[in-house]
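This report introduces a structure to a reader who has not met it before. Please keep the sequence and the three-dimensional view at hand while reading.

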Amino acid sequence: MKCHRHETVEAIGVCAQCGRALCRECAPPPPAPLACSAGCAEKFSAERTAIRQLLARSEQNARASAAYYFLSATLSGGAAVAAWFWLPSPFLIAFAGGGALVLLVAALWHTRAARKNISPPEN
Ligand SMILES: [Zn+2]
Ligand SMILES: [Zn+2]
């Protein structure tokens with residue numbers, strides 16, 4: 001593949017935004033994203049920022065869900081204990097206890113999802 005600007009020079013990569021082939025001379029130095037122009041570089045980092053914000057927001061949602069499930073699990077567990085003392089019905093105890101267990105698992109799952117460090121691939 002040849003550079004889009006220099007037809008005789010072998011490309012070393014493509015623009016991250018528009019996909020044009022770039023040679024060593026046309027590509028920006030490493031810390032910058034691989035882009036054919038300032039416009040493409042700007043667009044690319046703007047999109048990446050948007051993705052980062054989206055990921056950060058979903059992480060917050062996962063954390064909120066985890067808190068919600070932990071609370072529900074505690075309430076269900078409390079209901080199971082209450083049923084044990086005041087309504088000695090095996091069905092109620094099993095129902096509330098089982099619900100608490102399921103909610104606890106969901107809470108742990110969401111906690112793990114919130115902790116997972118998601119970052120978009122570089123370049
Ligand atoms: Zn481009
Ligand atoms: Zn070039």
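## Terms and basis

Donors are N, O and S atoms within 2.8 Å of the metal (3.2 Å for Na, K and Ca); water is not among the atoms, so sites may look incomplete. Four donors count as tetrahedral if all angles lie between 85 and 135 degrees.

The model is predicted: local features need pLDDT of at least 70, side-chain atom pairs count only at pLDDT 80 or more, and totals for chains, interfaces and linings use all residues. Residues are numbered from 1 along each chain as its sequence is written, chains are lettered from A and ligands numbered from 1 in the order in which they are written, and side-chain values use heavy atoms, with hydrogens and water left out.

## The two zinc sites

The zinc ion (ligand 1) has as protein donors Cys 15 (SG), Cys 18 (SG), Cys 36 (SG) and Cys 40 (SG), at 2.2 to 2.4 Å. Because these four donor atoms subtend angles of 102 to 116° around the ion, the arrangement is tetrahedral. The spacing of the donor residues in sequence is C-x2-C-x17-C-x3-C. Cys 15 is buried (under 20% relative accessible area, 1.4 Å probe, protein chains only; exposed is over 50%, partly exposed in between), at 3%. Cys 18 is partly exposed, at 41%.

The zinc ion (ligand 2) is held by Cys 3 (SG), His 6 (ND1), Cys 23 (SG) and Cys 26 (SG), at 2.0 to 2.3 Å. This site is tetrahedral too, with angles of 103 to 115° among its four donor atoms. Cys 3 is buried, with a relative accessible area of 3%, whereas His 6 is partly exposed at 23%.

## The nonpolar core

The largest nonpolar core (buried Ala, Val, Leu, Ile, Met, Phe, Trp, Tyr and Cys residues joined through side-chain atoms within 4.5 Å) has nine residues, including Cys 3, Cys 15, Leu 22, Cys 23 and Cys 36.

## Helices and overall form

The elements, DSSP runs numbered from the N terminus (helices H or I, at least four residues; strands E, at least two), follow the order β-β-α-α. The buried residues of helix 2, among them Ile 93, Leu 103 and His 110, pack against helix 1 (38-86).

The C-alpha trace of the chain spans about 85 × 20 × 20 Å along its principal axes. Of its 123 residues, 25% count as buried.

Terms used:
Tetrahedral: all angles 85-135°; square planar, octahedral: opposite > 155°, others 65-115°. Contact = heavy atoms within 4.5 Å.
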